[in-house]
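Reader: Got a minute to go through this one with me? Put it up and let's start with the helix packing.

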Amino acid sequence: MLNTVPRNARIFVAGHGGLVGSAILRRLAADGFTNVLTATRAQLDLRDQAAVNYWFKANRPEYVHLVAGTVGGILANSTRPAEFIYDNMMIHATVVHASHLYDVRKLLYLGSSCIYPRLAA
Ligand SMILES: NC(=O)c1ccc[n+]([C@@H]2O[C@H](COP(=O)([O-])OP(=O)(O)OC[C@H]3O[C@@H](n4cnc5c(N)ncnc54)[C@H](OP(=O)(O)O)[C@@H]3O)[C@@H](O)[C@H]2O)c1
């Protein structure tokens, strides 16, 4: 999504400490992006709409990679379903809404479900 994006654009990686987020950080650095924004969970609970709005207002990201979530694989998904659906619905709602309110140009969202087709080759 970033081929035509200026290398000094403000890019927020939500979930930068995770498996996907840390790979995206490495790729952004390798591609020469100089203004990558991150926040730890202690700094910003992404389930908290007021906190997320405040952070977006203060930092004004132009591009967002939404790769944060409660993740645990198929067994954890099926044994703690209420926790998973709450956390992930909240994180997605807050970040998408703040991106709308604060004029983010593009948002890349990785779905938080295990959605592999059962009988695929
Ligand atoms: N891994 C894959 O192959 C894959 C494939 C497709 C889609 N996805 C989806 O991509 C997303 C990321 O996956 P992943 O494997 O990178 O997961 P991960 O390694 O567990 O990383 C998740 C990240 O989200 C952060 N996070 C979780 N809840 C948070 C909260 N309330 N506030 C702030 N930060 C929070 C975690 O912070 P802490 O470090 O503080 O816990 C962590 O940095 C998930 O939605 C996953 O379902 C993953």
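Author: Sure. This is a predicted model, and in it helix 2 and helix 4 cross in a right-handed way.

Reader: What angle do helix 2 and helix 4 pack at, and how far apart are their axes?

Author: The angle is about 40°, and the axes are 9 Å apart. Helix 2 covers residues 49–59, helix 4 residues 81–101.

Reader: Which residues in helix 2 and helix 4 meet?

Author: From helix 2 you get Gln 49, Val 52, Asn 53 and Phe 56. They meet Thr 94, Val 95, His 97, Ala 98 and Leu 101 of helix 4. By class, that contact has 5 nonpolar and 4 polar residues, with no charged ones.

Reader: OK, on to the core. Which residues touch the most other members of the largest nonpolar core?

Author: Ala 14, Leu 46, Val 52, Val 64, Leu 66, Ala 68 and Val 95, out of 18 residues in that core. Strand 1 (11–14) gives the largest share of the core, 4 residues.

Reader: And what does Leu 66 touch?

Author: Leaving out residues up to four places away in sequence, Leu 66 touches Ala 14, His 92, Val 95, Leu 107, Leu 108, Tyr 109 and Leu 110.

Reader: Switching to the ligand: how many residues surround it, and which are closest?

Author: There are 19 around the ligand, and the closest are Gly 15, Gly 18, Val 20, Gly 69 and Ser 112. That shell divides into 8 nonpolar, 8 polar and 3 charged residues.

Reader: Which helix gives the most to the shell?

Author: Helix 1, residues 19–30, with 3 residues.

Technical notes:
Residues are numbered from 1 along each chain as its sequence is written. This is a predicted model: local features need pLDDT of at least 70, side-chain atom pairs count only at pLDDT 80 or more; totals for chains, interfaces and linings use all residues. Axes are lines fitted to C-alpha atoms, for helices over the stretch in contact, and angles run from 0 to 180 degrees between N-to-C directions. Helices (H or I, at least four residues) and strands (E, at least two) are DSSP runs, numbered from the N terminus. A crossing is left-handed if the near helix is turned anticlockwise from the far one by less than a right angle, and right-handed if clockwise. Two residues are in contact if their C-beta atoms, placed from the backbone, lie within 7 Å. Ala, Val, Leu, Ile, Met, Phe, Trp, Tyr, Cys and Pro count as nonpolar, Asp, Glu, Lys and Arg as charged, and the others, Gly among them, as polar. A residue is near a molecule or strand if its C-beta atom, placed from the backbone, lies within 6 Å of it. A nonpolar core is a set of buried Ala, Val, Leu, Ile, Met, Phe, Trp, Tyr and Cys residues joined through C-beta atoms within 7 Å. A residue is buried if 20 or more other C-beta atoms lie within 10 Å of its own, exposed if 12 or fewer, and partly exposed in between; C-beta atoms are placed from the backbone.
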